[in-house]
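Colleague: Before I use this model, I should like to understand the reasons behind the terms applied to it. May I ask you to justify them one at a time?

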Amino acid sequence: TLVSIPASGSVIISEFDITRHVFVVGPSAVSVRDEAAPLSSAVTWNPLTSYPIPLTIKVMVVTNLSATAATTISYLS
């Protein structure tokens, strides 16, 4: 699944395969956290990099850290 995230925007993803990785296609970095977790728990994922989904994430909030450009992520549901 490819998801485009607008500049400074966020998406909520609730159906994903926890055994797979998320690939940040880019061009911008994103922050990722569990929907129920505080904002301070967010981690940054860089473009053109693949990341395992932390086991603690049940509903993933992905926020584009760029204020000027959309970015894209890829994951398996």
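Modeller: A strand is a DSSP run of E with at least two residues, and strands are numbered from the N terminus. On that basis Leu 48 is placed in the loop between strand 5 (43–45) and strand 6 (49–52). Please bear in mind throughout that this model is predicted.

Colleague: What does the secondary structure of the protein chain come to?

Modeller: The protein chain has zero helices and eight strands. Read from the N terminus, the order of elements is β-β-β-β-β-β-β-β.

Colleague: Why does Leu 48 count as exposed?

Modeller: A residue is exposed when its relative accessible area is over 50%. Leu 48 has 66% relative accessibility, and it therefore counts as exposed. The backbone of Leu 48 deserves a remark as well: its phi is near 60°, a positive value in a residue other than glycine.

Colleague: Why is Ser 8 called partly exposed?

Modeller: The partly exposed class lies between the limits of 20% and 50%. Ser 8 has a relative accessible area of 48%, so it belongs to that class. Ser 8 sits in the loop between strand 1 (2–5) and strand 2 (10–13), and its phi is also positive, near 60°, in a residue other than glycine.

Colleague: What makes Asp 17 and Arg 20 a salt bridge?

Modeller: The rule asks for a side-chain nitrogen of Lys or Arg within 4 Å of a carboxyl oxygen of Asp or Glu. Between Asp 17 and Arg 20 the N to O distance is 3.7 Å, which is within the cut-off of 4 Å, and the pair therefore qualifies. The count by this rule is one salt bridge. As to accessibility, Asp 17 is partly exposed at 26%, and Arg 20 is partly exposed at 43%.

Colleague: How many aromatic pairs does a search of the whole structure find?

Modeller: The search finds one aromatic pair. The partners are Trp 45 and Tyr 51, and their arrangement is stacked.

Colleague: What makes the pair of Trp 45 and Tyr 51 stacked?

Modeller: Two values decide the matter. The ring centres are 4.9 Å apart, with 5° between the planes. Ring centres must lie within 6.5 Å to pair, and planes under 30 degrees apart count as stacked, so both conditions are met. Trp 45 is buried, since its relative accessibility is 5% and the limit for burial is under 20%. Tyr 51 is likewise buried, with a relative accessible area of 17%.

Colleague: Which strands form the open sheet of four strands, and in what order?

Modeller: The order is 1-8-3-6, with antiparallel pairing. Strand 1 and strand 6 stand at the edges because each has a single partner strand, which leaves one side of each without a neighbour in the sheet. From one strand to the next, the twist averages 25°.

Colleague: How do you know that strand 1 and strand 8 pair?

Modeller: Pairing requires at least two bridges found by DSSP. Strand 1 and strand 8 (residues 71–74) have four bridges in the antiparallel sense, and they therefore satisfy the requirement of at least two. Within this pairing, Ile 5 stands opposite Thr 71 in strand 8.

Colleague: Which side chains of strand 2 are buried?

Modeller: Val 11 and Ile 13 point to one face and are buried, whereas Ser 10 and Ile 12 point to the other face and are not. Strand 2 also pairs with strand 7 (residues 60–64) in the antiparallel sense over four bridges, and Ile 13 stands opposite Met 60 in strand 7.

Colleague: Why does Ser 66 count as buried?

Modeller: Ser 66 has 15% relative accessibility and therefore counts as buried, the limit being under 20%. Ser 66 lies in the loop between strand 7 and strand 8. Apart from neighbours within four places in sequence, the contacts of Ser 66 are Ala 7, Ser 8, Ser 28 and Ala 29. Ser 66 and Ala 29 are 37 residues apart in sequence, yet 7.2 Å apart in space, C-alpha to C-alpha.

Colleague: What joins Gly 26 and Pro 27?

Modeller: A cis peptide bond joins them, with omega about 15°. Pro 27 is in the loop between strand 3 (21–26) and strand 4 (30–34).

Colleague: Finally, how does the radius of gyration of the protein chain agree with that of a compact globule?

Modeller: For 77 residues a compact globule would have a radius of gyration near 11 Å, and the protein chain has 11 Å, so the two agree. Of the 77 residues, 38% count as buried.

Methods:
Residues numbered from 1 in each chain as written. Predicted model: local features only at pLDDT ≥ 70, side-chain atom pairs only at ≥ 80, totals over all residues. Heavy atoms only, no water. Buried < 20%, exposed > 50% of the residue type's maximum accessible area, 1.4 Å probe, protein only. Phe/Tyr/Trp six-rings, centres within 6.5 Å; stacked < 30°, edge-to-face > 60°. Axes fitted to C-alpha atoms, helices over the stretch in contact; angles between N-to-C directions. Rg over C-alpha atoms; globule rule 2.2 N^0.38 Å. Contact = heavy atoms within 4.5 Å.
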